[in-house]
Structures are given as C-alpha cells and as structure tokens.
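Work through the following exercises with the sequence and the 3D structure at hand. Each task is followed by a solution in steps.

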Amino acid sequence: MEIKTAEFVISNTDYRKCPEGVKPEYAFIGRSNVGKSSLINMLTKRKGLAMTSQTPGKTLLINHFLINREWYIVDLPGYGYARRGKEDRERLRRIIEDYVLERQQLTCLFVLLDCRHTPQQIDLEFMEWLGESGIPFAIVFTKTDKLSRNCLSENIKTYKTKLLETWEELPPIFLTSAEKREGRDELLAYIEEINRSLATHGNE
Ligand code: GTP
Ligand code: MG
C-alpha cells in the first residue's frame, strides 16, 4: 500500500474524545521505549510524525494519525513505565485499558516486543488480557537490526514456544526494524487486507 497522506489529528487522554466516525484504526502498544513511535514514522515515511526519544515515557497520550484520509494509526503510551512513579503508571494504565476495551473503531492492536529480550511477564500478561477481552492483536518484533540473523531466529523461536504454552494458536507475527526500514511492506499489506475486508463486509 502506498501512503499518500499522513496527518496528525489529535492527542487525548480520554478515548471518548478520540475522532468520531467509522474509519478503522490500528494502534501500536508495548513497553515504553520498545519503538512504537519510531515504527509509526517508518511506516508512514514521515520522520517526525510521532515523537520519539531515547528516554522511556515519551508518548503519554493517545495520538491519532489519519492515513490516506481512510484509516488511522494510533500511537499509545508505553505500559509498565512512569517517570513519576506508581500513580502515573496507574493513570497511564487506565488510559490504555479504557481505550483498548471501549474504542469501537479499534480494528487491530499491534503489540510490540523488543526482539533482543526473552519473554517478559508484563508482555505475556498483557496479551493474555487481550485474549480474555477478545481484542484482536498481532505481534511486532522491533529493532531486528540489533541482532544477528541467527540470534534473531533463536529469540523468535523461544518466544513462539513460550506463547504456545498458553495459546492454542499464534497470532500474526511481524519482524521489523525502524532503523533499516524492514517489515514495512508486510505490515502495510496486512492492514490493507483488513481494510479491504471491512470495506467489503462492513464493520460488523
Ligand atoms: P515511549 O513513547 O516512551 O513509550 O517509547 P516508544 O515505544 O514510542 O519508543 P521510540 O519510538 O521513542 O524509540 C525508543 C528508542 O529506540 C529511540 O532511541 C529509537 O531511536 C530506538 N529505536 C526504535 N526503533 C528502533 C529500531 O528499529 N532499531 C534501532 N536500532 N533503534 C530503534
Ligand atoms: Mg512513543
């Protein structure tokens, strides 16, 4: 899919104030610093569209970006981190949870995982919660440029094995590098396919 236009629309702390209408949206979630905002910039080929930082906790709001005037990319705050401690973390958790559970337009949630790490409890629990809540999601491994090919495939294999301890089936899995622009075509093709099926069958 070609991205012709990508426009920042609005930032919110409350899902009820997010854009109205029925355009499908795809949100990016994961631990702070995993590379959500960088991935969005890579997908849209707009370097400064979503704000990135080396310091975790950069994105603190629900950010809507309108793509091709047809669908939204949503940048979310990271989970599991808050500079100012427990209260902040709790506040962010609520923003994320409410958005994920209540936002009707949310079509697929991309859960980002740093490919360098072994399976972390916080991510596994988050995905379990998504499963229990009936939220469709896909996994996106980030920062693949930081590992050798062998190491990468070893880590992905370990992750899949871990997931299969609790999941009957694996979700779609994508490998990406914002740095090397890898995985872009695959992710956009996946989104395009869903958009097309929604246009044909409607948002039932
Ligand atoms: P929060 O908004 O704080 O939750 O973080 P985020 O998940 O949006 O991460 P962000 O995109 O801001 O990236 C965090 C850091 O990781 C930045 O220093 C990025 O340059 C770096 N980074 C992101 N993606 C990649 C990648 O694919 N490869 C490499 N090498 N670095 C990356
Ligand atoms: Mg961010």
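Two strands count as paired if DSSP finds at least two bridges between them. The model used here is predicted.

**Exercise 1. The hairpin and its neighbour**

Task: Determine in which sense β3 and β4 pair, and over how many bridges.

Solution.
- Step 1. Between β3 and β4 there are 5 bridges, and the pairing is antiparallel.
- Step 2. One residue pair shows the register: Asn63 has Asp75 in β4 as its bridge partner.
- Step 3. The connection is a hairpin with 3 residues between the two strands. In its turn, Asn68 has a positive phi of about 50 degrees.
- Step 4. β4 also pairs with β2, in the parallel sense and over 4 bridges. Here Ala27 has Val74 in β4 as its bridge partner.

**Exercise 2. Burial of β4**

Task: State which residues of β4 cover each of its faces, and whether they are buried or exposed.

Solution.
- Step 1. Buried means under 20% relative accessible area.
- Step 2. On one side of β4 lie Trp71, Ile73 and Asp75, and on the other Tyr72 and Val74; all are buried.
- Step 3. With 5 of the 5 residues of β4 (residues 71-75) buried, the strand is therefore largely enclosed by the rest of the structure.

**Exercise 3. The whole sheet**

Task: Give the order of the 7 strands in the sheet and say which strands stand at the edges.

Solution.
- Step 1. The order is β1-β3-β4-β2-β5-β6-β7, in an open sheet with mixed pairing.
- Step 2. The edges are held by β1 (6-12) and β7 (173-175). Each has a single partner strand, so one side of each lacks a neighbour in the sheet.
- Step 3. From one strand to the next, the twist averages 25 degrees.
- Step 4. At the β7 edge, β6 (residues 137-142) pairs with β7 in the parallel sense over 3 bridges. Ile139 stands opposite Ile173 in β7.

**Exercise 4. From β5 to β6**

Task: Trace the chain from β5 to β6 and give the handedness of the crossover.

Solution.
- Step 1. β5 and β6 run parallel and are joined by 6 bridges. Leu112 stands opposite Val140 in β6.
- Step 2. The chain passes from β5 through α3 to β6, a β-α-β crossover that is right-handed.
- Step 3. β5 pairs with β2 as well, in the parallel sense over 6 bridges. In that pairing, Phe110 in β5 is the bridge partner of Phe28.
- Step 4. β5 is mostly covered, with 9 of its 9 residues buried.

**Exercise 5. The contact of α2 with α3**

Task: Describe how α2 and α3 pack, using the angle and the distance between their axes.

Solution.
- Step 1. Two packed helices are described by the angle between their axes and the distance between the axes.
- Step 2. The axes of α2 (residues 86-102) and α3 come within 11 Å and cross at roughly 35 degrees. The crossing is right-handed.
- Step 3. From α2, the residues Ile96, Glu97, Val100 and Leu101 meet Phe126, Trp129, Leu130 and Ser133 of α3.
- Step 4. Sorted by class, the residues of this contact are 6 nonpolar, 1 polar and 1 charged.

**Exercise 6. α1 and the loop after it**

Task: Find how many residues of α1 are buried, then describe Lys45 and Thr55 in the loop between α1 and β3.

Solution.
- Step 1. In α1 (residues 36-44), 8 of the 9 residues are buried, so the helix is largely enclosed by the rest of the structure. Among them are Lys36, Leu39, Ile40 and Met42.
- Step 2. Lys45 follows α1, and its phi is positive, near 55 degrees. Most residues other than glycine have a negative phi. Lys45 is not a glycine.
- Step 3. Partly exposed residues fall between the 20% limit for buried and the 50% limit for exposed. At a relative accessible area of 48%, Lys45 is therefore partly exposed.
- Step 4. Thr55 lies in the loop between α1 and β3 (62-67). Its relative accessibility is 44%, so Thr55 counts as partly exposed.
- Step 5. Thr55 and Asn33 are 22 residues apart along the chain, and their C-alpha atoms are separated by 7.1 Å.

**Exercise 7. Another positive phi**

Task: Where is Lys143 found?

Solution.
- Step 1. Lys143 is found in the loop between β6 and α4 (149-163).
- Step 2. Its phi is positive, about 60 degrees, although Lys143 is not a glycine.

Key. Residues numbered from 1 in each chain as written. Chains lettered and ligands numbered in written order. Predicted model: local features only at pLDDT ≥ 70, side-chain atom pairs only at ≥ 80, totals over all residues. Heavy atoms only, no water. Axes fitted to C-alpha atoms, helices over the stretch in contact; angles between N-to-C directions. Buried < 20%, exposed > 50% of the residue type's maximum accessible area, 1.4 Å probe, protein only. Right-handed = clockwise from strand over helix to strand, strands pointing away. Left-handed = near helix turned anticlockwise from the far one by under 90°. Contact = heavy atoms within 4.5 Å. Nonpolar A, V, L, I, M, F, W, Y, C, P; charged D, E, K, R; others polar.
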